[in-house]
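Notebook open, structure loaded. I want to go through pockets, rings, overall shape and odd backbone spots, in that order.

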Amino acid sequence: MIELDVWDDFFTQEWKVSHDSLTSNQNNCVNASSPADLYTGGANKDLETCLDDVRVWLDAHPGHGPLLIKLEMKAGFQATFGMGPAKLDQSISAHLGDRVFKPNDLLNKSGGGQYATLDEAAVANNWPTRQALTGKVIFEIIPGTVEENNPTDSLWTDREYAGYLRDLHTQGKTAQANIFPSVHNAQTGDPRTRYSDTSLRPWFVVFDGDAATYLNGSIDTSWYDTRHYLLLMTDAQNVPPTLNATDPSAADARARIAQLATAHASIASNDWRGLPDVQSMVVPRG
């Protein structure tokens with residue numbers, strides 16, 4: 001998994017990628033045109049360049065398993081100013097094309113036709129095998145920290161993208177969507193009940209929250225597994241006993257990944273960049 005923090009700069013009509021800055025790109029995207037370019041040249045480029053770098057990297061690693069890209073929309077969308085879900089999808093399509101596993105791909109039945117909603121498709125376990133997803137990218141999107149702390153923002157990213165996806169499906173245009181909206185933050189029971197608009201609920205099959213909360217004994221994480229939802233557990237280091245955030249021992253890190261997988265995580269996220277063998281671990285779920 002790669003997380004990209006995205007800001008919609010409606011003045012320049014650019015998707016900025018930065019943890020902190022709305023007005024500048026602060027990242028390691030370098031506008032590569034070949035694999036050799038990936039680790040050279042000037043960094044701090046926009047989202048489209050980051051997506052180009054992903055494409056170049058995937059082409060250089062043709063047997064690689066699926067890559068999940070988490071988009072955190074730091075301040076949400078600004079559709080009124082032309083920076084809404086449709087424009088974001090257009091950017092992804094232009095730079096990654098058919099490398100993306102889309103919501104529409106999950107909806108499609110092998111014998112023809114489609115499931116009515118993403119929930120119906122997921123519960124039927126219509127996901128392809130991991131092998132079939134070789135070289136593919138799956139996008140999920142969550143509300144950003146600025147958005148979630150903005151008292152004037154009444155339409156967060158999760159609801160906005162889910163409504164957009166639902167409406168595309170009604171219009172027979174689901175193939176235009178590249179992203180799975182995600183329910184953000186762990187919660188007991190079915191966390192989709194937070195959405196008062198019940199028509200949004202079946203368009204969420206990806207869930208993203210704090211690992212320590214998922215494992216605190218209050219949440220039945222097997223529910224996500226038996227219904228074939230994707231469950232992302234973040235900050236793997238914070239599950240008691242806590243581990244170093246960036247440099248735990250390899251043995252402790254492997255044990256933590258195994259622990260979260262047993263607790264039905266699809267992905268366990270961390271910042272253990274010095275442990276590539278741990279970050280590339282693939283173990284059975286549940």
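**Pocket.** I started with the second largest pocket and got a volume of about 180 Å³. Keep in mind that I'm working on a predicted model. I then pulled the residues lining this second largest pocket: Ala75, Phe77, Gln78, Val146, Glu147, Asn150, Thr152, Asp153, Ser154, Leu155 and Glu160. Sorted by class, the lining comes out as four nonpolar, four polar and three charged residues.

**Rings.** How many aromatic pairs does the structure hold? I got 14. I looked up one of them, Phe10 with Phe11: the centres are 4.6 Å apart and the planes make an angle of 35°, which puts the pair in the tilted class. Stacked would have needed planes under 30 degrees apart.

I also checked how open these two rings' residues are. Phe11 has 72% relative accessibility, so I noted Phe11 as exposed. Phe10 has a relative accessible area of 27%, so Phe10 goes down as partly exposed.

Next I looked for clusters. Phe207, Tyr214, Trp223, Tyr224 and Tyr229 form one aromatic cluster. I looked for a charge over a ring too, and found Lys109 over the face of Tyr115, at 4.8 Å from the ring centre.

**Overall shape.** For the protein chain I counted ten helices and eight strands. The radius of gyration is 18 Å, and the globule rule gives 19 Å for 286 residues, so the chain is as compact as a globular protein of that length. Along the principal axes, the C-alpha atoms fill a box of roughly 45 × 45 × 45 Å. As for burial, 48% of the 286 residues count as buried.

**Backbone oddities.** Which residues does a cis peptide bond join? I found Pro240 and Pro241, with omega at about -5°. Pro241 belongs to the loop between strand E7 (230-234) and helix H9 (250-262).

Then I went after positive phi values outside glycine. Asn185 has one, at about 85°. I located Asn185 in the loop between strand E5 (179-184) and strand E6 (206-210). With a relative accessible area of 38%, Asn185 is partly exposed.

His228 came up as well: phi is positive, near 60°, and this residue isn't a glycine either. I placed His228 in the loop between helix H8 (222-226) and E7. Buried, exposed or partly exposed, what is His228? At 25% relative accessibility, I have His228 as partly exposed, because buried means under 20%.

Key: Residues are numbered from 1 along each chain as its sequence is written. This is a predicted model: local features need pLDDT of at least 70, side-chain atom pairs count only at pLDDT 80 or more; totals for chains, interfaces and linings use all residues. Side-chain values use heavy atoms; hydrogens and water are left out. On a 1 Å grid over the protein atoms alone, a cavity is a set of points where a 1.4 Å probe fits but cannot get out, and a pocket is an open set with protein on both sides within 12 Å along at least five of seven lines; lining residues have an atom within 4 Å of a point. Grid points are joined across faces, edges and corners, and a volume is the space filled by probe spheres set on the points. Ala, Val, Leu, Ile, Met, Phe, Trp, Tyr, Cys and Pro count as nonpolar, Asp, Glu, Lys and Arg as charged, and the others, Gly among them, as polar. Rings of Phe, Tyr and Trp (its six-membered ring) pair if their centres lie within 6.5 Å; planes under 30 degrees apart count as stacked, over 60 as edge-to-face and the rest as tilted. Buried means under 20% relative accessible area, exposed over 50%, partly exposed in between (1.4 Å probe, protein chains only). A charge sits over a ring if NZ of Lys or CZ of Arg is within 6 Å of the ring centre and within 35 degrees of the ring normal. Helices (H or I, at least four residues) and strands (E, at least two) are DSSP runs, numbered from the N terminus. The radius of gyration is taken over C-alpha atoms; the globule rule is 2.2 Å times the number of residues to the power 0.38.
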